[in-house]
Amino acid sequence: MSTATITSKGQITIPKDVRASLGLQCGDKIDFIIEASGDVRFLPIIKDVSTLKGIVARPKKAVSIEDMKATVRNRASRS
């Protein structure tokens with residue numbers, strides 16, 4: 001069993017084996033869940049890629065692959 005100590009600011013360091021088991025990395029967020037029994041669980045917050053739909057507006061005009069490649073070539077030649 002892994003243990004952690006609470007700092008004076010209410011912070012803890014999640015033990016390395018727990019982070020590895022949950023696949024947690026720096027910057028990840030976790031949810032704390034208080035069960036009816038009083039037990040507390042925490043789970044990584046994982047968002048499905050479908051939640052990103054609509055973040056970027058659709059372009060007014062479709063761009064072909066050839067146009068994209070030409071733009072990249074033109075910009076690269078300026079450097």
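**Exercise 1. Determine which residues Asp39 contacts beyond its neighbours within four places in sequence, and describe its setting.**

Solution. Once the neighbours within four places in sequence are set aside, Asp39 is in contact with Ile33 and Ile34, where contact means heavy atoms within 4.5 Å. This is a predicted model, in which local features need pLDDT of at least 70 and side-chain atom pairs count only at pLDDT 80 or more, while totals for chains, interfaces and linings use all residues. Residues are numbered from 1 along each chain as its sequence is written, and side-chain values use heavy atoms, with hydrogens and water left out.

Next, place the residue: Asp39 lies in the loop between β1 (30-34) and β2 (40-44), strands being DSSP runs of E with at least two residues and helices runs of H or I with at least four, numbered from the N terminus. With a relative accessible area of 51%, Asp39 is exposed, given that exposed means over 50%, buried under 20% and partly exposed in between (1.4 Å probe, protein chains only). Finally, the C-alpha atoms of Asp39 and Lys53, which are 14 residues apart along the chain, are separated by 35 Å.

**Exercise 2. Locate Pro44 and list its contacts outside the neighbours within four places in sequence.**

Solution. Pro44 belongs to strand β2, and its relative accessible area of 22% makes it partly exposed. Apart from neighbours within four places in sequence, Pro44 is in contact with Leu22, Leu24, Lys29 and Ile30. Between the C-alpha atoms of Pro44 and Arg19, which are 25 residues apart along the chain, the separation is 9.7 Å.

**Exercise 3. Identify the side chains that meet in a salt bridge, and state how exposed each partner is.**

Solution. The structure holds one salt bridge, a term that requires a side-chain nitrogen of Lys or Arg within 4 Å of a carboxyl oxygen of Asp or Glu. The partners are Arg41 and Glu35, with 2.5 Å from N to O. Arg41 is partly exposed at a relative accessible area of 41%, and Glu35 likewise counts as partly exposed, at 30%.

**Exercise 4. Decide whether the chain is more spread out than a compact globule or not, using its radius of gyration.**

Solution. Begin with the elements: the chain has two helices and two strands, which run α-β-β-α from the N terminus on. The radius of gyration is 23 Å, well over the 12 Å that the globule rule gives for 79 residues, so the chain is more spread out than a compact globule; the radius is taken over C-alpha atoms, and the rule is 2.2 Å times the number of residues to the power 0.38. Along the principal axes, the C-alpha atoms fill a box of roughly 60 × 30 × 25 Å. Buried residues make up 4% of the 79 residues, and of the contacts with a separation of 6 or more, 5% join residues 24 or more positions apart.
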